[in-house]
Amino acid sequence: MNDKIPYNETKEGARPVVEYKNLDEDRIKQLDEFCQKFDLNIKDLNMLHQCVLFGNYNEYKIGSFDSYERLEYVGDALLDYFSYYIFLKNNPDAKNGDFASVNNFLKNETLAQISQDIGLADLRISTNEKFSDKRYADFFEALIAVIYFNDEENGFNNVCKFLEENFLDEILGR
């Protein structure tokens with residue numbers, strides 16, 4: 001087994017050599033800019049691309065995560081876990097009634113607005129121009145899975161960092 005992963009050098013740093021199927025230079029640049037905006041070191045842009053790929057857009061399907069749906073399923077559970085983890089880390093003496101801010105953060109309407117605010121919704125690829133809040137929320141949940149799966153050793157820390165740096169006030173209800 002080869003211990004070394006081949007890397008492409010970019011001005012932002014090293015990224016493993018990955019074949020970008022159906023991703024043109026403009027799409028790669030668009031995904032890279034999103035990552036830079038949030039200091040995300042996504043090694044496989046295919047997976048980030050998949051988190052905003054609506055299932056009916058067949059020509060762009062890549063690999064085992066052929067649309068956002070599988071990523072969203074896992075990301076939903078991860079987002080719940082990490083949101084409550086962060087809340088309890090910041091409020092160790094919280095009572096049951098204190099969790100309302102986390103519940104509000106996890107609502108589809110809130111996640112949909114976040115998805116649109118951070119520009120994730122602008123990355124979507126679909127033949128369907130109109131999306132519900134649920135769909136936009138799904139894209140955000142899929143992003144959480146991408147961040148988690150992107151780095152097997154540091155996925156937990158990377159998701160916590162992303163949520164704490166960008167959404168701590170929302171999670172804590174500030």
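What share of the contacts in the protein with a separation of 6 or more is accounted for by residues 24 or more positions apart? In this predicted model, such residues account for 59% of those contacts. The protein is built from seven helices and two strands, and reading from the N terminus the order of its elements is β-β-α-α-α-α-α-α-α. The points below take up the protein as a whole, then helix α3, then a nonpolar patch, and finally Arg 174.

**Burial and surface**
- Of the 174 residues in the protein, 44% are buried.
- The protein exposes about 9,900 Å², and 44% of that area is supplied by carbon and sulfur atoms.

**Helix α3**
- Helix α3 covers residues 68–90, which is 23 residues, and from its first C-alpha to its last it reaches 31 Å, a value close to the 33 Å expected at 1.5 Å a residue.
- At Gly 75 the helix α3 bends by about 25 degrees, and Gly 75 is also listed among the buried residues of α3.
- The buried residues of α3 include aromatic and aliphatic ones such as Tyr 68, Leu 71, Leu 78, Leu 79, Phe 82, Ile 86 and Phe 87, while Glu 72 and Ser 83 in this helix are buried as well.
- The packing partners of these buried α3 residues are the helices α2 (45–50), α4 (100–105), α5 (108–117), α6 (133–150) and α7.

**A nonpolar patch on the surface**
- Tyr 81, Tyr 85 and Phe 156 together form a nonpolar patch on the surface, with about 270 Å² of accessible area between them.
- Phe 156 belongs to helix α7, and because its relative accessible area is 30%, Phe 156 counts as partly exposed.
- Helix α7 therefore supplies Phe 156, a residue that is partly exposed at 30% relative accessible area, to this patch, and α7 is also one of the elements against which the buried residues of α3 pack.

**Arg 174**
- Arg 174 is placed in the segment that follows α7, the helix spanning 155–172.
- Because its relative accessibility is 66%, which lies over the 50% cut-off, Arg 174 counts as exposed.
- Leaving aside residues up to four places away in sequence, Arg 174 touches Leu 168 and Asp 169.
- Ser 101 stands 73 residues from Arg 174 in sequence, yet the two are 8.3 Å apart in space, taken from C-alpha to C-alpha.

Key
Residues numbered from 1 in each chain as written. Predicted model: local features only at pLDDT ≥ 70, side-chain atom pairs only at ≥ 80, totals over all residues. Heavy atoms only, no water. Helix = DSSP H or I, 4+ residues; strand = E, 2+ residues; numbered from the N terminus. Buried < 20%, exposed > 50% of the residue type's maximum accessible area, 1.4 Å probe, protein only. Contact = heavy atoms within 4.5 Å. Areas by Shrake-Rupley, 256 points an atom, 1.4 Å probe, with all protein chains shown as cover. Expected span 1.5 Å × (residues − 1). Bend = angle between axes of the 7 residues up to and from the residue. Patch = residues over 30% accessible without salt bridge, like charges linked within 9 Å, V, L, I, M, F, W, Y side chains within 5 Å. Salt bridge = Lys/Arg side-chain N within 4 Å of Asp/Glu carboxyl O.
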